[in-house]
Amino acid sequence: MNYAEIKTYDVANGPGIRLSLFVSGCPHRCPGCFNQQAWDFSYGKPFTNETINCIIKELSFPAY
Ligand code: SF4
């Protein structure tokens with residue numbers, strides 16, 4: 001699996017403060033999609049154990 005982006009301290013994608021993970025690949029092709037570059041499943045970076053560990057570490061901060 002690849003991911004397109006990780007947004008830390010995200011307040012734009014739901015209530016409160018969160019970490020948002022945007023994975024790559026979407027087959028729906030909705031008109032007006034604001035994320036067309038990530039339709040390709042190979043877009044972005046590989047989602048690795050290192051990525052998981054970075055997310056877990058980030059989420060340990062008290063702001064979340
Ligand atoms: S809006 Fe874009 S990313 Fe979301 S389901 Fe539609 S095509 Fe996929």
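**Entry 1. Ser20**

I take a residue as buried when its relative accessible area is under 20%. I opened the predicted model and looked up Ser20 under this cut-off. Ser20 has a relative accessibility of 9%, so I record it as buried. I then located Ser20 in the chain and found it in strand S2. Which residues does Ser20 contact once its neighbours within four places in sequence are left aside? I listed Glu5, Ile6, Lys7, Asp10 and Asn13. I also checked Ser20 against Tyr9: the two are eleven residues apart in sequence, and their C-alpha atoms are 8.3 Å apart in space.

**Entry 2. Tyr9 and Val11**

I turned next to Tyr9, which belongs to strand S1, residues 2-10. Its phi is positive, at about 50 degrees, although Tyr9 is not a glycine. I noted this value because most residues other than glycine have a negative phi. Is Tyr9 buried, partly exposed or exposed? Its relative accessible area is 40%, so I entered Tyr9 as partly exposed.

Val11 I found in the loop between S1 and S2. At 59% relative accessibility, Val11 is exposed, the cut-off for that class being over 50%. Not counting residues up to four places away in sequence, I found Val11 touching Gly16 and Ile17.

**Entry 3. Residues around the ligand**

I asked which residues are around the ligand. I listed Cys26, His28, Arg29, Cys30, Cys33 and Trp39. By class, I sorted this shell into four nonpolar residues, one polar and one charged.

I examined two members of the shell further. Cys26 sits in the loop between strand S2 (18-23) and strand S3 (45-46). With a relative accessibility of 26%, Cys26 counts as partly exposed. Setting aside neighbours within four places in sequence, I recorded contacts of Cys26 with Ala38, Trp39 and Phe41. Of these contacts, Trp39 is also listed around the ligand. I also took the distance from Cys26 to Ile52: the C-alpha atoms are 21 Å apart in space, for a separation of 26 residues in sequence.

Arg29 is likewise in the loop between S2 and S3. Where does Arg29 fall on the accessibility scale, buried or exposed? I entered Arg29 as exposed, since its relative accessible area is 54%. I noted that phi of Arg29 is near 55 degrees, a positive value in a residue other than glycine.

**Entry 4. The chain as a whole**

I then looked up the general layout. The chain holds one helix and three strands, and I read their order along the sequence as β-β-β-α. Along the principal axes, the C-alpha atoms fill a box of roughly 40 × 30 × 10 Å.

How many residues does the chain have, and what percentage of them count as buried? I found 64 residues, of which 19% count as buried; Ser20 is buried. The chain exposes about 4,800 Å², and I noted that carbon and sulfur atoms supply 59% of this area.

I also looked up the contacts in the chain with a separation of 6 or more: residues 24 or more positions apart account for 40% of them. For charge, I recorded 5 positive and 5 negative side chains. The centres of the two sets lie 3 Å apart.

Methods
Residues are numbered from 1 along each chain as its sequence is written. This is a predicted model: local features need pLDDT of at least 70, side-chain atom pairs count only at pLDDT 80 or more; totals for chains, interfaces and linings use all residues. Side-chain values use heavy atoms; hydrogens and water are left out. A residue is near a molecule or strand if one of its heavy atoms lies within 4 Å of it. Ala, Val, Leu, Ile, Met, Phe, Trp, Tyr, Cys and Pro count as nonpolar, Asp, Glu, Lys and Arg as charged, and the others, Gly among them, as polar. Helices (H or I, at least four residues) and strands (E, at least two) are DSSP runs, numbered from the N terminus. Buried means under 20% relative accessible area, exposed over 50%, partly exposed in between (1.4 Å probe, protein chains only). Contact means heavy atoms within 4.5 Å. Accessible areas come from the Shrake-Rupley method with a 1.4 Å probe; for residues, only the protein chains shown count as cover. Lys and Arg count as positive and Asp and Glu as negative; His and the chain ends are not counted. The place of a charge is taken as NZ of Lys, CZ of Arg, CG of Asp or CD of Glu.
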